[in-house]
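User: Could you take me through a close look at one part of this model, and then on to the places around the chain that deserve a look? I work at the bench, so please explain terms as you go.

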Amino acid sequence: MNSLSLQLLFLFIIGIVNAIEITMHGFIYAQTEFHAKLEEIVNNHMKSQNLDITLKVDFENPESSSGDPNHVANALEQSILKKEKGFDLYVTDTVYTGRFAQHFEDLNKYVDKKVIDLYKDGTATSTCYVDTKLVGLPLTVDYGGLYANMDLLNKYNQTVPKTWDELIQTTNYIYDRESPTDPELHKYLAHFPEYENGLVSLLEFIHSFRDSPNDKFPEYTSDNAAAALEEMRKIKETASTPDDFATNEMLMMGALFTKKFIFARFWYIGERPADNNFSFNQLPGKKEGISASCVGGANTSMNRYISEEKKIAAAKVIDFINSYEQQKQNIIQNDLRSAIHSTYSDPEVCQKIDCPKFSSMQGIVRPSSSSVNYEQYSEKFRELARKFIFRESNESAKEILEEIDDIRKIHYVEVNSIPSIVIISVVLLTIILIFCCYIYLSIKRFRKQFIFLSFNYWCIFLFGILMVLSYCLTGLHKLNNYNCLIRPFLLSIGFSLIYIPLFLKMISIFPSKNSFTKFVKDHYSLVFILFLIVDLALNITWYIIDPLIVNKFMVTAGKNFQYCSSSSTLGSVMQYIMYAYKLCILMIMCVLVFAEWNLAAFKQDIRSITSTLYINILLIGMFIIVERINIQNRYLFFGLRAALVYCFCLSTLVIIFGSKYYNISLQKENPYPDVSSFKSSSGSLNSSQYYNSNFNRSQQFSQNQYSHVNNKSGLLSYHYQTGNPSVSISGRPTLFSSTFNNSYNGNVFSNSSNSMNSKNDTQSSNSFTNSKYSNSKNYSNNNYSNNNYSNNNYSNNGHSNNYSNNNYSNNNYGNYY
C-alpha cells in the first residue's frame with residue numbers, strides 16, 4: 001500500500017514538473033464573458049485532451065488601465081522587449097500586430113495548417129501577414145457600420161440610406177421635423193475624433209467611393225479619393241455639425257443608449273431589434289451596392305524568444321481558441337464576430353445573427369503592416385484631412401491626398417526618370433568604352449606595351465571595372481533583398497579584380513629582395529586567388545552576421561523610399577571592416593609607388609597607378625562620408641553613390657588605358673623604346689638580361705656629385721634615384737636609370753620559374769674599352785667579379801672621365817655611385 005502511494009506521489013510530482021504554463025497578455029477595449037472565462041475554457045480543453053498545458057491570462061481594459069492608444073502601445077512594447085522574460089502569447093489590436101512583427105514568431109511553423117486555412121478568405125487575416133510571415137491569427141473581429149435610430153425612421157416612414165446623398169436627405173428630413181421638439185437630437189455622428197478612430201472613418205469614406213464592389217481601395221491620388229474627402233466635408237456642413245462630426249467614443253455611447261441621434265457611424269456593439277431602438281447596418285457608399293467597413297479586432301501572436309517547448313505548447317492554445325468550433329461558440333454565446341468567413345453560412349450561427357449582413361461586409365484594413373511608420377502616417381493623414389474638412393486649410397482635396405500618398409507610399413528611382421536615363425546612358429557608354437579597351441589590348445602590335453601585367457590579368461582588370469560599374473544599376477527600380485546582397489559584393493570583388501593584380505605586381509618588382517616579394521613573384525596567381533578568397537569570406541561573414549536588407553526610409557516632408565541597410569550595428573561594423581581592408585591595400589600601394597617612382601622600365605605605369613590611387617582614395621573617402629549623410633531625396637540618395645562609383649571606374653579606366661592610347665596611338669611615342677632588349681632568346685621577358693649579377697652597396701658616388709643620395713635611406717633612397725631610362729649598358733636598359741640601391745636577384749617580368757638559366761649571361765665577361773659617357777665622374781675602389789676593366793677613357797663634349805685601379809672580384813658591387 002505504501003509502495004502504491006509512493007508511486008502515485010511520484011507520478012503526481014512528475015506531472016507537475018512536466019506541466020507547461022503558457023502566459024497570455026493583452027489590452028481588451030470591450031471585455032466580454034469570453035475574455036473573462038478564456039483561461040478556464042482553455043485549461044478544461046487541455047485536460048480533456050490529456051495535455052499538460054495550462055493557460056494563465058493577464059488582460060488589461062480601460063477600467064484597469066488607460067485606454068489611450070499611445071499608452072497601450074508603449075505598455076505592449078515594454079513587455080515585448082523583455083523577450084523571453086515577457087509573455088508567451090500576446091493579444092494585440094490589429095493596428096499593432098504589424099508594428100511588433102519582428103518580435104513575433106511565424107505561426108506557419110507551429111500552428112495546425114487546417115486552422116490557418118480557415119482564415120485564408122477573411123479580410124481580417126491580412127492584418128496578420130507581414131510580407132510572407134504569419135505573425136498572428138484573428139481572435140475576434142470588429143466591424144464598423146451605420147447605426148440607425150429605427151424609432152425615428154419608422155416614425156417618418158424612412159429607410160436606412162444606401163448612399164451618402166440619401167443619408168444627407170434623410171437626416172435633414174427627420175431633423176427638420178424632430179428638432180423643434182427635441183433640441184438635443186444629434187444629426188449624423190461621424191465618429192471623426194482627433195485620434196486613431198478618425199483614420200478609420202477616413203478610410204471607410206474613401207473605400208466607399210469605389211466604382212464597383214470588387215474594386216480595390218482607391219489610390220489616394222485618384223479622383224474617387226478626392227471626391228470622398230469632398231463628400232465628407234459636404235456631410236459635415238449639411239447633415240451634421242462640427243461637434244457631432246468629431247464625436248468621440250464617450251459621447252457616441254451616450255447618444256446611442258439615449259436614442260439622441262438619427263444616424264451614427266460606430267463599431268459593432270450589438271443590436272436591439274426587440275426594442276426597436278437602433279439597428280446596425282452597412283455604411284452607405286457613393287452609389288447603391290457600394291459600402292465599406294474598417295475591420296478591427298484583436299490578433300493572437302506568439303513571442304519568438306520563448307523556448308521551443310513553449311512554442312509548441314503555445315501553438316496548441318492557438319489551435320484551440322482559433323478553431324472553427326470555438327469561434328462558432330463565441331458568435332452564438334458571446335455575440336462576438338469571427339474572421340472565419342465560413343461561420344456566416346453555418347445554420348446555427350445564422351439563427352442568432354443576420355449572416356448575410358456580416359458575410360457581405362466590404363472590409364478594409366488599416367495599412368499598419370505596409371506603412372513605413374504607421375503612427376506618423378495616421379497622425380499626418382488625420383491632421384491634413386481634418387484641416388480640409390473643417391476648412392482650416394486652402395489646399396484642395398487633391399493636394400492633401402498627394403501629401404498623404406507621399407507619407408504612405410514607398411517610392412523608388414523609376415527607370416523612366418531623368419536620373420535613371422542619365423545613369424543607364426553613361427553606364428552603357430562606359431561598357432562600350434571597356435569593350436574598346438579590350439579590343440585595343442588584343443591588338444598584338446600594342447600588346448607589347450602592356451607588359452606591366454599579362455594579357456589575362458589586364459582582362460581581369462577590365463572585368464573588375466565592369467563589375468564595379470554594374471553597382472550603378474542596382475539602385476534603380478524597386479529594390480529587393482537580392483539587390484541589397486549584390487551591391488557590396490560588386491564593389492568589393494570588383495575592387496579586388498582591379499587593384500590586386502597591380503598590387504601584387506608592385507610587390508614583385510620592389511627593389512629590395514626578400515622572401516615575401518619572391519614568394520609573391522613565384523606564386524602570383526595563387527596569391528591573387530587568396531586575396532579573392534579573403535574578399536569572399538568577408539562578404540559571406542557579413543551576410544551571415546547581419547546582411548543588408550530592404551528597409552523603408554521615412555521622409556518627414558517628402559517621398560519615402562527604399563534603401564539597403566543592416567538590421568543592427570554588426571552590419572555597420574562589417575561594412576567599415578571592408579572599407580578599412582580596401583583602404584589598407586591602397587595605402588600600401590601608395591608606399592610602393594613612392595619607392596618605385598623612378599623604375600625606368602615601368603615609369604609610365606607607376607605614374608598612372610599613382611594618379612588612380614590618389615583619386616580613388618579621395619572618392620572612397622567621399623563615398624564613406626555620403627553613407628553617413630542623412631539624404632532624404634531618393635534621386636540624390638542613389639545618384640550621389642552612383643556618381644562616385646562611376647567616377648571611380650571612369651578615372652581608373654581613362655588614366656590606365658587612356659594614357660597608353662594617347663602616347664602610343666596619338667603621340668606615336670614608344671613609352672618603352674628598349675622593351676625588345678628585355679627579351680631573352682626564347683622570347684620571354686627576363687630580368688637576367690639587364691641584371692649582371694647581385695648588387696650590393698659596394699659602389700660609391702663621389703662626395704661632391706652624389707652626397708645627397710647617400711643621405712637618403714630606405715624608401716627615400718629608392719624614390720630619389722634619377723636618370724634617363726634610355727641609358728643602358730651594352731644597349732640594354734636598366735631597372736633604375738643610374739643606380740640600383742639594393743641586392744636583387746629575380747625576374748621582374750615573369751616568375752622565377754621561367755628559364756633564367758637557359759642561356760648563360762655573358763655580360764660578366766664583356767670588356768669595355770673607349771666607352772663614352774655623357775657626364776664627367778670619378779669612380780674609385782670599385783670591385784667587380786671576373787671582369788677586367790683598365791685604362792678606360794670616357795669623354796663627351798670635352799669632358800673626360802678617368803677610371804683607374806679598378807679591380808673586379810667575387811661578383812660584388814661595393815658602394816653606390
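In which helix is I544 found?

Analyst: Happy to help. This is a predicted model, so local features need pLDDT of at least 70 and side-chain atom pairs count only at pLDDT 80 or more, while totals for chains, interfaces and linings use all residues. Residues are numbered from 1 along each chain as its sequence is written, and side-chain values use heavy atoms, with hydrogens and water left out.

I544 is found in helix α23, which covers residues 524–545. Helices (H or I, at least four residues) and strands (E, at least two) are DSSP runs, numbered from the N terminus. I544 counts as exposed because its relative accessible area is 64%; exposed means over 50%, buried under 20%, and partly exposed in between, with a 1.4 Å probe and protein chains only.

I544 also belongs to a nonpolar surface patch, together with Y482, L485, L536, I540, Y543, I545 and L570. The accessible area of this patch is about 820 Å² together (Shrake-Rupley method, 1.4 Å probe, only the protein chains shown counting as cover for residues). Patch members have over 30% relative accessible area and no salt bridge; nonpolar side chains (Val, Leu, Ile, Met, Phe, Trp, Tyr) are joined within 5 Å, like charges within 9 Å. A salt bridge is a side-chain nitrogen of Lys or Arg within 4 Å of a carboxyl oxygen of Asp or Glu. Two elements, α21 (481–508) and α23, each give two or more residues to the patch, and α23 gives the most, with five residues.

Now for a small sheet. Strands β12, β14 and β13 form an open sheet in that order, with mixed pairing. Because β12 (410–411) and β13 (549–553) stand at the edges with a single partner strand each, one side of each has no neighbour in the sheet. Two strands pair if DSSP finds at least two bridges between them, and β12 pairs with β14 (residues 560–565) in the parallel sense over two bridges. I410 has N560 of β14 as its bridge partner.

Strand β6 (residues 137–149) is a good next stop. With 12 of its 13 residues buried, β6 is largely enclosed by the rest of the structure. β6 pairs in the antiparallel sense with β10 (residues 293–302) over six bridges, and P138 stands opposite N299 in β10. Another antiparallel pairing joins β6 to β9 (residues 278–281) over four bridges; here A148 stands opposite S279. β6 also pairs with β8, again in the antiparallel sense, over five bridges. In that pairing G144 stands opposite W267, and Y147 stands opposite A264.

Strand β8 itself is mostly covered, with seven of its seven residues buried. β8 pairs with β7 (residues 186–189) too, in the parallel sense over three bridges, and H186 stands opposite F261 in β8.

Just before β8 (261–267) comes the loop that follows α11 (249–258), and K259 sits in this loop. K259 is not a glycine, yet its phi is positive, near 65°. K259 counts as partly exposed because its relative accessibility is 33%. Most residues other than glycine have a negative phi. N50 offers another positive phi outside glycine, near 60°, in the loop between α2 (33–48) and β2 (53–60). N50 counts as exposed because its relative accessibility is 69%.

β6 turns up again around helix α13 (residues 324–334). The buried residues of α13 are Q326, Q327, K328, N330, I331 and N334, and they pack against α2, β6, α12 (308–321) and α14 (347–350). After α13 comes D335, with a positive phi near 55°.

The tour ends at D88, in the loop between α3 (69–80) and β3 (89–93). D88 counts as buried because its relative accessible area is 2%. Leaving out residues up to four places away in sequence, D88 touches E21, I22, T23, S301, M302, N303, I306 and K310 (contact means heavy atoms within 4.5 Å). The side chains of D88 and K310 are also joined by a polar contact of 3.4 Å. A polar contact is a pair of N or O atoms within 3.5 Å; within protein, one must be able to donate a hydrogen and the other to accept it, and residues adjacent in sequence count only if both atoms are side-chain atoms.
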